[in-house]
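Trainee: Could you walk me through this chain, taking one topic at a time?

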Amino acid sequence: GQRELTLRLERPIDLRRAGWVTADTHVHFISPTTAWLEAAGEGLNLLNLLASQWGDLFTNVGDITGAPVSHDDVMVWVGTENRQHILGHMSLLGVKGAPINPMTTGGPNESYIGDPVMVSMAEWADRCRAQEGVVVLPHFPNPLCEAAADIVLGKIDGVEIRDFGQGIDTFAVNEWYRYLNLGYRVAAVGGTDKMFAGMPPGGVRTYAHLLPGDDFTFENWGKAVRAGRTFTTSGPLLLLDVSGHEPGAVIDLPGAGAVHAAVHARSMAPFHLLEIVANGTVVARQTFDEGTQEAELEADIAIERSGWVAARCLSHHTVWHVWPVRAAAHTSPVYVDVAGSPRPFNAKDARYLLAILRGGLLWLETLAIPYAAETHAKITGVFERAVHELETRLSETQE
């Protein structure tokens with residue numbers, strides 16, 4: 001005659017009690033109600049559902065309300081993914097008020113055939129921040145062109161590091177390192193780009209650490225992302241401490257010295273590699289042939305110049321969500337400023353970014369359809385300012 005059965009589940013690892021909240025920055029094509037249900041089922045606190053335009057098709061636009069669907073510590077916020085097929089894509093999360101239009105420009109596969117380039121991504125980013133939103137570059141780093149300019153000009157809050165299919169030393173990770181090695185501080189976030197029913201939201205996700213006493217709100221989550229208190233993961237939970245500082249923090253040293261880095265990794269799926277990275281170079285590594293579900297790694301790192309320290313973790317196990325993804329994680333960096341040492345600058349990386357920026361300018365000047373002379377000048381001006389910054393810094397290092 002029993003009619004009810006209650007099963008009480010306990011989390012084997014519970015970072016939520018320590019102030020961490022978890023989010024998917026990039027979901028498409030489901031309703032807010034379905035998004036909330038799936039987020040709850042996958043243990044997400046925040047799901048960013050992104051409306052957009054796909055040629056003649058507009059998706060989730062009618063769901064934009066400027067307010068979240070929120071209860072039981074699970075929140076769904078409908079933002080937009082604004083897209084241009086050459087200049088880049090940009091996720092505008094948590095925007096208050098009217099959505100930021102046009103959502104796409106520049107022609108197929110994003111906008112209408114023959115559509116002109118009507119707005120820069122930089123303008124989208126400025127409008128997003130003015131409306132209390134968070135600016136993320138989805139599926140970083142592609143498309144490339146204006147994404148480079150916007151990071152150089154300080155308009156980006158986070159980049160999606162999610163391409164763990166081939167491991168941890170991936171194209172996205174190494175492109176992100178280029179910017180860090182040039183002194184541009186931008187957080188790592190995780191999102192799935194969910195476009196199919198077979199892809200679980202949060203398959204790659206962002207963990208963000210709220211400040212003590214901060215309630216879970218989108219505003220406080222945004223503060224954590226902007227501050228870089230994050231790690232991106234497809235499974236492992238990865239905590240980094242550098243001389244008492246968490247990711248996003250800046251350590252000021254009076255001169256050359258050393259810092260102590262400590263990493264604690266835990267995972268339900270066994271992992272096989274744990275590393276500490278400084279300025280793009282692995283400075284400490286521990287491998288586990290049989291795999292482990294928990295490990296710690298520590299290292300004293302000599303610091304001669306300003307730079308950064310981060311941690312990363314990799315499993316041989318594959319998790320499937322439409323395509324194969326390795327179980328992996330990467331923290332945002334802890335930054336180190338050495339008195340008398342300028343911010344990091346790698347001349348080779350600067351020349352690489354200059355080539356991308358000049359390619360974007362060439363496309364704008366030869367193949368793009370201008371909307372109006374004044375608008376076109378504003379868009380090319382974004383590239384020109386970024387080129388000027390990099391060329392100036394390059395010339396200063398060669399003097």
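The turns below cover a strand, a helix and an unusual backbone angle.

Mentor: This is a predicted model, in which local features need pLDDT of at least 70 and side-chain atom pairs count only at pLDDT 80 or more, while totals for chains, interfaces and linings use all residues. Residues are numbered from 1 along each chain as its sequence is written, and side-chain values use heavy atoms, with hydrogens and water left out.

Trainee: Which residue in S10 stands opposite Trp20?

Mentor: Helices (H or I, at least four residues) and strands (E, at least two) are DSSP runs, numbered from the N terminus, and two strands pair if DSSP finds at least two bridges between them. Strand S1, residues 20-27, pairs with strand S10, residues 205-209, in the antiparallel sense over four bridges. Opposite Trp20 in S10 stands His209.

Trainee: Which helices do the buried residues of H6 pack against?

Mentor: Buried means under 20% relative accessible area, exposed over 50% and partly exposed in between, with a 1.4 Å probe and protein chains only. In helix H6, residues 347-366, the buried residues include Leu353, Leu357 and Trp363. With contact meaning heavy atoms within 4.5 Å, the buried residues of H6 pack against helices H3 (145-152), H4 (171-180) and H7 (373-398).

Trainee: Is Asn60 buried or exposed?

Mentor: Asn60 lies in the loop between strands S3 (57-59) and S4 (69-71), and has a positive phi of about 60° although it is not a glycine. Most residues other than glycine have a negative phi. With a relative accessible area of 12%, Asn60 is buried.

Key
Expected span 1.5 Å × (residues − 1).
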